[in-house]
Amino acid sequence: MVLVLDVTEGLWGTDTDRMWTEVVSLRMRNFLPERAVLDRHIGRLKHRTTENVTSQRPNTLNKTDKLPITIYYETLCSDSMVFITHQLYPSWLRHEKEMKLRLVPFGKAWIEELPNEQPKFHCQHGPRECQLNILHGCILKKLPPKKAFAVVACLMKNFRTTFEQCIEGHESFKNSIVNCSQGEQGNSLFKKFANETDNVHRPLPFVPTIVDDQPYDFYEQDDWLQHFERKFVERYEAKLGVKL
């Protein structure tokens, strides 16, 4: 039992120039070989140049290449709601194939653990937020990723949306999610989210916090929060060398 408490650089230039320089040099020294020999000489240089061009082309994008994005959020945080509803979810719908999204519902919560006592969960916006953080964790655990994020995005629209409303269409998962949220599995997920969040920064300076494949950078957070779509596209194109 757990207590929940309030609180191309001119490639053709470099090698081709060298090729013609070699030919001109031969002519200037009056040592021009027979035509067949010269043709073979030029052919080898062209072949070498072509290999250089091919080897330096950007790698073709693998359709499975994705940019990791992790969102550390709280279920009753208004800033988290606004960000997920108006920036993250619309961007994910556009770039689902390019974004490897992970959600971590913990935020500025903490766990109080004392000897010979059950751990106590504390959340920034009270006990209900702890319960909802655990519920979100179980949704993310039990549902396939695409369905799970749709349900989470539904719950994050405002303070009034309910699990019963948002799970509509996925009722076959409902019991397993509820059982998870009310049992030890949910508690274990909460502790796991605590460790993941602490590894970023303890406590988080701001919620939500966004991290891509680069180490957490406090000074980039405002740009991520205000211009997520632009920031994601910039990072994706820089990492994978393709235009979105």
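Q: Contact means heavy atoms within 4.5 Å; which strands does helix H10 lie across?
A: H10 lies across E2, E3 and E6 and runs at about 145 degrees to E2. The angle is taken between N-to-C directions, on a scale from 0 to 180 degrees, with axes as lines fitted to C-alpha atoms, for helices over the stretch in contact. Helices (H or I, at least four residues) and strands (E, at least two) are DSSP runs, numbered from the N terminus. This is a predicted model, in which local features need pLDDT of at least 70 and side-chain atom pairs count only at pLDDT 80 or more, while totals for chains, interfaces and linings use all residues. Residues are numbered from 1 along each chain as its sequence is written, and side-chain values use heavy atoms, with hydrogens and water left out.

Q: What makes E3 and E6 the edge strands?
A: Each of E3 and strand E6 (209–211) pairs on one side only, where pairing requires at least two DSSP bridges between two strands. The open sheet has three strands in the order E3-E2-E6, and its twist averages 20 degrees from one strand to the next.

Q: How do you know that the pairing in this sheet is mixed?
A: Strand E2 (residues 67–73) pairs with E3 in the parallel sense over seven bridges, whereas E2 and E6 pair in the antiparallel sense over three bridges. Within the parallel pairing, Pro68 has Lys100 of E3 as its bridge partner, and Ile71 has Leu103. On the other side, Tyr72 is bridged to Thr209 in E6.

Q: What makes the β-α-β unit of E2, helix H3 and E3 right-handed?
A: A crossover has this hand if, with the strands pointing away from the viewer, the path from the first strand over the helix to the second runs clockwise. The unit made by E2, H3 (residues 78–95) and E3 is right-handed.

Q: How do you know that E2 is mostly covered?
A: Six of the seven residues of E2 are buried, that is, under 20% relative accessible area (exposed is over 50%, partly exposed in between; 1.4 Å probe, protein chains only).

Q: Why does Val104 count as buried?
A: Val104 has 0% relative accessibility, and therefore counts as buried. Val104 is in strand E3 and is in contact with Thr70, Ile71, Tyr72, Tyr73, Phe193, Glu196 and Thr197, leaving aside neighbours within four places in sequence. Val104 and Thr197 are 93 residues apart in sequence, with 7.6 Å between their C-alpha atoms.

Q: Why is Arg235 called buried?
A: Its relative accessible area is 18%, and the limit is under 20%, so Arg235 is buried. Arg235 lies in helix H10 and touches Leu67, Asp212, Gln214, Glu220 and Trp224, residues up to four places away in sequence not being counted.

Q: What makes the link between the side chains of Arg235 and Asp212 a polar contact?
A: The distance is 2.3 Å, and the term covers a pair of N or O atoms within 3.5 Å (within protein, one must be able to donate a hydrogen and the other to accept it, and residues adjacent in sequence count only if both atoms are side-chain atoms).

Q: What makes the aromatic pair of Phe106 and Phe190 tilted?
A: The structure holds 10 aromatic pairs. In this one the rings are 4.9 Å apart, centre to centre, with 55 degrees between the planes. Rings of Phe, Tyr and Trp (its six-membered ring) pair if their centres lie within 6.5 Å, and planes under 30 degrees apart count as stacked, over 60 as edge-to-face and the rest as tilted. The pair links distant parts of the chain: Phe106 is in the loop between strand E3 (99–105) and strand E4 (110–112), and Phe190 is in helix H8 (residues 184–200), 84 residues apart. Both Phe106 and Phe190 are buried.

Q: Why is the pair of Phe228 and Phe232 called stacked?
A: Its planes are 20 degrees apart and its centres 6.3 Å, so the pair meets the stacked criterion. Phe228 and Phe232 are four residues apart in helix H10 (residues 228–240), and so are separated by about one helical turn. Phe228 is buried at 0% relative accessible area. Together with Phe83, Trp224 and Tyr236, Phe228 and Phe232 form one aromatic cluster.

How values were computed. Contact = heavy atoms within 4.5 Å.
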